[in-house]
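Trainee: Got a minute to go through a structure with me? I'd like to know how to read the ligand site and the domains.

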Amino acid sequence: MTHNNFEFTNYFKNYPDNNGFYGRYGGAFIPDDLKKAMAEITEAYYTICKSSKFIGELRKIRKEFQGRPTPISYLERLSNSLGDVQLYVKREDLNHTGAHKLNHCMGEALLAKYMGKKKVIAETGAGQHGVALATAAAYFGLECDIYMGSVDIKKQAPNVARMKILGANVVEVTHGLATLKEAVDAAFEAYCREYKDCIYCIGSVVGPHPFPMMVRDFQSVVGIEAREQFLEMTGELPDAVVACVGGGSNAMGMFSGFLNDPVDIYGIEPLGRGERLGDHAASLQYGEEGVMHGFNSIMLKDENGEPAPVYSVASGLDYPSSGPEHAFLRDIGRVKYDVINDDETIDAFFTLSRMEGIIPAIESSHAVAYGIKLAKQMKHGSILINLSGRGDKDMDYIIEHYGIR
Ligand SMILES: *Cc1c(COP(=O)(O)O)cnc(C)c1O
């Protein structure tokens, strides 16, 4: 069992602490200029986001625009094929735009509006965060600058088109390797120049305080809904909860509903092609403590101590670190982190499509694969998997690289 004697009753009050730490992880390791901007966002978060007006407006948006609550589906055919364990999925693939990311983007953009900002800024790699934020910006009538490496712009043409159709300004970053890392640097530089008029909207539970906390809290709607729905459907809590971990936002959202329950929790990282550095992005499994992108966590380092190159078949999971709260939950033993490789992921992608009529995102397929593995080990009980997104975005890639099985 992964639940232990750690006291979770006041967990969300105590973590993070006032400086943004979850135990030894987190914080804000940033230049003084940005410290002012982060302090402003933190202050606004504690006043505005806790107000009943803000909460009421966000609740209405979730219901009427995003289509929440998303359902939980029982996977009957898959469960029957595996024996006596019941598998369920929380359907974030049915959240507007097809993934969980819009949950925190709507929250961040609503906060921007309340703060009187005119613009939101972010970087994007595969383009998923850019599309979600462009959607939120269009909804609220905010300007939106998305920084993206020129290599990624070429690779992710459909998402670039979506962002432009939604009215976002896609800013091409051409220096260095012209991918995600350079885009992050360029977006932060722009933010330092423009922070009076805009806010930076981070794409996961990473970055300097208060972002890991804010994104977790906006995503916690997933876990809160899921707990209530699962109890209503089955009369019990699930025995296990599973989610994939890139930066860790869909996982933190789901987990935060169950931390105080007698439920085993599993976070699944991508093992990619194997255990060699550069072939995977399993930071919590193989990484060490270090600071990058403004926060202290567990990260994969190269021989110079810099963020190591990472790989996963799921572009949304190839990040060389994970949110600080995941590092903390790992250390105290509340969440078990494990890995799933590319091949197991692709098998799960086809299994869920064929047996249940749900095409999952390749990211989410990692969690599905682990759920199937776990079901084979457990004699009986139930497993709730967070299906973080739908696989439409991945179909061309799957057909090109794996064909139709
Ligand atoms: C971006 C993305 C992820 C990974 O991000 P987390 O912050 O780890 O949740 C997972 N699933 C989908 C569908 C995504 O788009």
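What follows is a short chat about this predicted model, first the ligand and then the two domains.

Trainee: Which class, nonpolar, polar or charged, has ten residues in the shell around the ligand?

Mentor: There are 16 residues around the ligand, and Lys-101, Ser-204, Gly-248, Ser-249 and Ser-388 come nearest. Sort the shell by class and you get four nonpolar and two charged residues. The class with ten is polar.

Trainee: How far is an oxygen atom of the ligand from an N or O atom in the side chain of Ser-204?

Mentor: Let's go through some polar contacts. A backbone N or O atom of Gly-247 sits 3.2 Å from a ligand oxygen, and the side chain of Asn-250 has an N or O atom 2.8 Å from one. For the side chain of Ser-204, the distance is 2.6 Å.

Trainee: And how much of the ligand's accessible area does the protein cover?

Mentor: On its own, the ligand has 390 Å² of accessible area. The share of that covered by the protein is 97%.

Trainee: Now the domains. What area is buried between domain 1 and domain 2?

Mentor: Domain 1 is 22–62 + 101–211, and domain 2 is 67–99 + 220–402. Their centres, taken over C-alpha atoms, are 23 Å apart, and 24 residues of domain 1 are in contact with 33 of domain 2. Carbon and sulfur atoms give 62% of the buried area, which is about 2400 Å².

Trainee: Which residue forms a salt bridge with Arg-24?

Mentor: Between the domains, the count is 13 residue pairs in polar contact and one salt bridge. Arg-24 belongs to domain 1, given its 22–62 stretch. The closest N and O atoms of the salt bridge are 2.8 Å apart, and the partner of Arg-24 is Glu-289.

Methods
Residues numbered from 1 in each chain as written. Predicted model: local features only at pLDDT ≥ 70, side-chain atom pairs only at ≥ 80, totals over all residues. Heavy atoms only, no water. Near = heavy atom within 4 Å. Polar contact = N/O pair within 3.5 Å; in protein donor to acceptor, adjacent residues only side chain to side chain. Areas by Shrake-Rupley, 256 points an atom, 1.4 Å probe, with all protein chains shown as cover. Nonpolar A, V, L, I, M, F, W, Y, C, P; charged D, E, K, R; others polar. Domains from an automatic or database assignment. Contact = heavy atoms within 4.5 Å. Buried area = accessible area lost by both parts, 1.4 Å probe. Salt bridge = Lys/Arg side-chain N within 4 Å of Asp/Glu carboxyl O.
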